[in-house]
Amino acid sequence: MEQPISLKDNFLKGVIKENPVFVLLLGCCPTLGVTSSAVNGLGMGAATAFVLVMSNLAIALVKNVIPDKVRIPAFIVIIAAFVTVVQLLMAAYTPALNEQLGLFIPLIVVNCIVLGRAEAFASRNTAGASMIDGLGMGVGFTFALLLLGTIRELLGNLSLFGYKLVEADGILIFVLAPGAFITLGFIIATMKWLKDRENKKSH
Amino acid sequence: MQYLIIIISSIFINNIVLAKFLGICPFLGVSKNTSTAVGMGAAVVFVMTLSTIMTYLVQHYILLPLGIAYMQTVTYILVIAFLVQVVEIILKKVSPDLYQALGVYLPLITTNCTILGVAILVIQNNFNLLQSVVFAVGNSVGFTLAIALFSTIREQLDNADLPEYMQGIPAALITASILSMAFMGFAGLV
């Protein structure tokens with residue numbers, strides 16, 4: 001029997017120890033695709049977090065009804081339903097952001113984090129714990145996107161959340177495609193270094 | 001001419017992986033050696049072409065006449081999952097050789113976002129059926145080209161002397177960045 005983990009630990013594992021982007025490397029497409037600015041990263045993170053929490057909750061509630069064999073298709077339909085909800089809500093209330101994120105909103109369906117958490121956590125835990133897990137993962141994902149978006153916007157545009165800090169041209173490459181890959185590469189290397197240093201300290 | 005433009009722009013200028021950031025997971029995940037990368041690419045070409053035709057027909061003959069276009073995401077993902085299963089079963093029966101070659105990659109393709117992405121892009125761009133097929137072929141060939149190129153570089157990377165923390169994924173990402181810069185050179189070709 002697994003040791004039940006506390007609420008706080010359940011939440012924090014998604015944010016730091018098992019951060020979906022930096023540690024598990026899941027959901028890379030939106031991570032790279034929409035983070036040309038901090039606002040986009042935040043919006044995409046929030047949309048994904050909503051889908052994560054709701055689909056984890058729904059799947060935890062119906063897990064005993066679904067036959068094991070059709071588990072995955074059933075999960076995908078539930079996730080797709082919540083993605084459609086987000087899509088319609090964003091089109092109605094935040095049309096500008098919706099335009100910016102475009103294709104990546106419907107693509108939350110195939111974001112590996114959502115299905116991964118459904119399969120690995122929500123299908124074998126209670127509704128409450130699953131919601132917390134979804135929230136932790138969602139916050140972790142949002143944090144990762146925000147960090148990447150902020151760095152790219154700062155370097156590429158010399159601005160923060162759309163406000164120009166210095167009246168000069170940034171390093172344009174950072175808001176373009178290559179900048180996304182290179183920034184994520186360096187962030188992951190830094191994370192590895194930090195983790196290693198921590199391990200060495202505790203020994 | 002118009003079809004040639006679609007092909008060239010989807011392979012080189014708007015490469016689906018290096019410029020549009022779709023399908024990064026298989027791009028990083030199955031690019032450790034060239035033969036698996038090419039296998040994955042071939043499976044994607046096959047499934048993407050079929051699924052784009054299917055979703056196009058579903059969109060124009062089922063969703064639009066019924067006025068339920070908002071069900072797009074849900075229907076498409078089901079059509080794709082269904083199609084992948086059917087392809088797998090048929091291949092197993094009809095061509096065991098091809099199944100041997102592509103089999104292991106097929107289940108992975110359902111959650112490959114290039115497939116769903118191209119299906120949706122086709123509708124957004126208002127393509128007709130023939131344009132859609134050309135677009136799907138172009139994008140899937142672009143995917144194969146990117147992943148095959150990337151895997152040849154990664155094979156060499158294993159022998160390189162890298163700083164400890166840059167090994168593995170960080171080095172791969174920086175390689176991808178340089179590859180993406182190279183592809184930016186194609187901009188303005190059409």
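**Loops, helix packing and the A–B contact in a predicted model**

Phe21(B) sits in the loop that joins helix 1 (2-13) to helix 2 (24-29) of chain B. The model is predicted. Phi of Phe21(B) is near 60°, a positive value in a residue other than glycine. Phe21(B) counts as buried, because 26 C-beta neighbours fall inside 10 Å and the cut-off is 20 or more. A second loop of chain B, between helix 7 and helix 8 (129-157), holds Asn126(B). Phi is positive here too: for Asn126(B), again a residue other than glycine, the value is near 55°. The setting of Asn126(B) is exposed, since 8 C-beta neighbours lie inside 10 Å and 12 or fewer suffice for that class.

Helix packing in chain B was examined for helix 3 (residues 34-66) and helix 7 (residues 113-124). Their axes come within 9 Å and cross at roughly 40°. Helix 3 of chain B is therefore oblique to helix 7 of chain B. The crossing is right-handed. From helix 3 of chain B, the contact draws on Val44(B), Val47(B), Met48(B), Ser51(B), Thr52(B), Thr55(B), Tyr56(B) and Gln59(B). Helix 7 of chain B contributes Thr114(B), Ile115(B), Val118(B), Ala119(B), Val122(B) and Ile123(B). By class, this contact has nine nonpolar and five polar residues, with no charged residues. Spacings along the two helices can be read against a general rule. An α-helix has 3.6 residues a turn, so residues three or four places apart point the same way.

Chain A has eight helices and two strands. From the N terminus, its elements follow the order α-α-α-α-α-α-α-β-β-α. The two strands thus come just before the last helix, as the order shows. The C-alpha trace of chain A spans about 60 × 55 × 25 Å along its principal axes. Its radius of gyration is 18 Å, which agrees with the value near 17 Å for a compact globule of 203 residues. Of these 203 residues, 48% count as buried. Among contacts between residues at least 6 apart in sequence, 75% join residues at least 24 apart.

Helix 6 of chain A illustrates the packing within that chain. Its buried residues are Ile113(A), Val114(A), Leu115(A), Arg117(A) and Ala118(A). These residues pack against helix 3 (38-62), helix 4 and helix 7 (127-157) of chain A.

The contact between the chains takes 33 residues from chain A and 29 residues from chain B. On the chain A side, helix 2 (28-33), helix 4 (71-93), helix 6 (112-120) and helix 8 (177-202) each supply at least two residues. Helix 8 of chain A gives the most, with 12 residues. The chain A side divides into 28 nonpolar, four polar and one charged.

Ser180(B) lies in helix 9 (residues 169-184) of chain B. Ser180(B) is buried, because 24 other C-beta atoms lie within 10 Å. Neighbours within four places in sequence aside, Ser180(B) is in contact with Ala177(A), Pro178(A) and Phe181(A). Leu18(B) is also in contact with Ser180(B). Phe46(B) is 134 residues from Ser180(B) in sequence. In space, the two are 25 Å apart, C-alpha to C-alpha.

Note on methods: Residues numbered from 1 in each chain as written. Chains lettered and ligands numbered in written order. Predicted model: local features only at pLDDT ≥ 70, side-chain atom pairs only at ≥ 80, totals over all residues. Helix = DSSP H or I, 4+ residues; strand = E, 2+ residues; numbered from the N terminus. Rg over C-alpha atoms; globule rule 2.2 N^0.38 Å. Contact = placed C-beta atoms within 7 Å. Nonpolar A, V, L, I, M, F, W, Y, C, P; charged D, E, K, R; others polar. Axes fitted to C-alpha atoms, helices over the stretch in contact; angles between N-to-C directions. Parallel < 35°, antiparallel > 145°, perpendicular 65-115°, else oblique. Left-handed = near helix turned anticlockwise from the far one by under 90°.
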